[in-house]
Amino acid sequence: MKIGLVLATTPSYSETFFTSKIKGLQTSGYDVTLFVQKSDPSFLLCKVIEAPYVYKKNIPFQFINALFVTLKLLPFLNRIRKFILLERKFDRSWKQILKNIYNNVHLLTAELDWLHFGFATIALQSEHVAETIGAKMSVSLRGFDIDVYPLKHPNCYVLLWKNVTKVHAISKYMLNSAYKIGLSEDVPYQIITPAIDIAKFKSVEPKNREIPHFLTVARLHWIKGLSYTLEALALLKGKGIAFTYTIIGSGAEYENIAFAIHQLKLADRVQLVDSTSQEHIIDYLSKVDIYIQYSDSEGFCNATLEAQAMGLLCVVSDGGALVENVIHNQTGWIVLKRNPEELAKKIEEVINLPKADKSRIRTCLLYTS
């Protein structure tokens, strides 16, 4: 069986879930081809085919490239006719159809049994490709796809939901959220949650520190709830509670978060650390007491699993699939999202727990993992 996996780029070092998926399929005897917009020559795990390049600022180069694409499509004229008919049924403009033919030429000329899109957003403007080439189509539902993108683009997946053969969701929350924005409950699905290598994230002995240290690993984005976390910590500082807090991550909200740290007078307690390697993150995790993940929503949160695997006390929000990562009062604590007062109260409660209660939570974590 021939499977085409569609991503924006070849998987990076940190995207182990995609490389593991490819290796697993190959081990099971499937022929996997990766279709991307941009590839890294060092990626040698499977065959990689790039989409035609778009020269936005060089019209002559774009014209020449379009001629090469046209020649490549000549043996596939029947497919192109079929693709155009399907696109016109959806009332797409001729301009958009021509763009879609150009951008999908690497897929329209492929011989596949299954075409899988690693993210729902990547499938947009490619919804008719699978039917055109006689393949089945599947798609993975992840956090940004379902929680964020449809807010700015309502009804963006109407055509995708009509054409998809099967969906993969990374959590129950993701699947139920997709139902709310139009996915039919008749579409077959499989929930396969992300996972971590517990051989790497080993339990560490709890530190007997007078000043507890907290940690969050997240990209600097509004959906991660970092501003609420900082407000909660400011409340703790106002009560005279000592602590230190590290945020590991990078992103568009860096300036906003840095300013919030300054405005809340937390510069002496909080440090921002740029995104780093998994080995360095493990080192940070081995030196903290409480892991905080107070996101507005999570499709699924590997960082929380990593913290639990190392026996850390975890305080999370009830945002999205975090309630699938933590069992309240058994493997950690769940707090209502966007409520700094409640978060501060829970962190203080955890700090003051008797050692026996902390040990019970850590033991349960290790047993569960």
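**Entry 1: nonpolar cores**

I looked up the largest nonpolar core first and found that, of its 45 residues, Leu141 and Leu183 touch the most other members. Helix H9, covering residues 172–180, gives the most to this core, with four residues. I note here that I am working from a predicted model.

I then listed the contacts of Leu141, leaving out residues up to four places away in sequence, and found Ala120, Ile146, Trp161, Val167, His168, Ala169, Ile170, Met174, Ala178 and Leu183. There is also a second, separate core of 30 residues, and I noted Ala234, Ala260, Val270 and Val350 among them. As background, nonpolar side chains tend to be buried together in soluble globular proteins.

**Entry 2: Trp222**

I placed Trp222 in the loop between strand S8 (213–217) and helix H10 (226–238). Is Trp222 buried or exposed? I recorded Trp222 as partly exposed, because its relative accessibility is 45% and this class runs between the 20% limit for buried and the 50% limit for exposed.

Leaving aside neighbours within four places in sequence, I found Trp222 in contact with Val148, Glu253 and Asp296. I also took the separation of the C-alpha atoms of Trp222 and Ile282, which comes to 25 Å for two residues that are 60 residues apart along the chain.

**Entry 3: salt bridges**

Side chains of opposite charge can pair when their charged atoms come close. My count of salt bridges came to 10, and I followed three of the pairs in detail.

Arg79 and Glu111 meet through their side chains in a salt bridge, with 2.9 Å from N to O. This pair links distant parts of the chain, 32 residues apart, since Arg79 sits in helix H3 (residues 77–89) and Glu111 in the loop between helix H5 (105–108) and strand S4 (114–117). I noted Arg79 as buried because its relative accessible area is 14%, which is under the 20% limit.

For Arg92 and Glu127, I found a salt bridge in which the closest N and O atoms are 3.1 Å apart. Here too distant parts of the chain are linked, with Arg92 in the loop between H3 and helix H4 (94–103) and Glu127 in the loop between S4 and helix H6 (129–133), 35 residues apart. Both Arg92 and Glu127 are buried.

Asp268 and Lys237 form a salt bridge through their side chains, at 3.0 Å from N to O. Asp268 lies in the loop between helix H11 (254–263) and strand S10 (270–273), whereas Lys237 belongs to helix H10, so this pair ties together parts that are 31 residues apart in sequence. Asp268 is exposed, with a relative accessible area of 55%, while Lys237 counts as partly exposed at 25% relative accessibility. I also found that salt bridges with shared partners join Glu87, Arg92 and Glu127 into one network.

**Entry 4: positive phi angles**

Most residues other than glycine have a negative phi, and I therefore looked for exceptions. Gln125, which is not a glycine, has a positive phi of about 75 degrees. Gln125 lies in the loop between S4 and H6 and is partly exposed, with a relative accessible area of 29%.

Asn329 is also not a glycine and has a positive phi of about 65 degrees. I located Asn329 in the loop between helix H14 (322–325) and strand S13 (333–335), where Asn329 counts as partly exposed at 38% relative accessibility.

**Entry 5: second largest pocket**

I returned to Gln125 here, since the second largest pocket is lined by 22 residues, of which Gln37, Asn103, Leu124, Gln125 and Ser126 lie nearest its centre. The volume of the second largest pocket is about 460 Å³.

Which elements each supply at least two residues of this lining? I found strand S2 (31–36), H4 and H5, and H4 gives the most, with five residues. By class, I recorded 11 nonpolar, 10 polar and one charged residues in the lining of the second largest pocket.

**Entry 6: enclosed space**

A search of the whole structure gave me one cavity of 30 Å³ or more, and the largest cavity holds about 60 Å³ of space. This cavity is lined by 12 residues, of which Glu205, Pro206, Val288, Leu312 and Arg362 are the closest to its centre. I divided the lining of the largest cavity into five nonpolar, two polar and five charged residues.

Terms used: Residues are numbered from 1 along each chain as its sequence is written. This is a predicted model: local features need pLDDT of at least 70, side-chain atom pairs count only at pLDDT 80 or more; totals for chains, interfaces and linings use all residues. Side-chain values use heavy atoms; hydrogens and water are left out. A nonpolar core is a set of buried Ala, Val, Leu, Ile, Met, Phe, Trp, Tyr and Cys residues joined through side-chain atoms within 4.5 Å. Buried means under 20% relative accessible area, exposed over 50%, partly exposed in between (1.4 Å probe, protein chains only). Contact means heavy atoms within 4.5 Å. On a 1 Å grid over the protein atoms alone, a cavity is a set of points where a 1.4 Å probe fits but cannot get out, and a pocket is an open set with protein on both sides within 12 Å along at least five of seven lines; lining residues have an atom within 4 Å of a point. Grid points are joined across faces, edges and corners, and a volume is the space filled by probe spheres set on the points. Ala, Val, Leu, Ile, Met, Phe, Trp, Tyr, Cys and Pro count as nonpolar, Asp, Glu, Lys and Arg as charged, and the others, Gly among them, as polar. A salt bridge is a side-chain nitrogen of Lys or Arg within 4 Å of a carboxyl oxygen of Asp or Glu.
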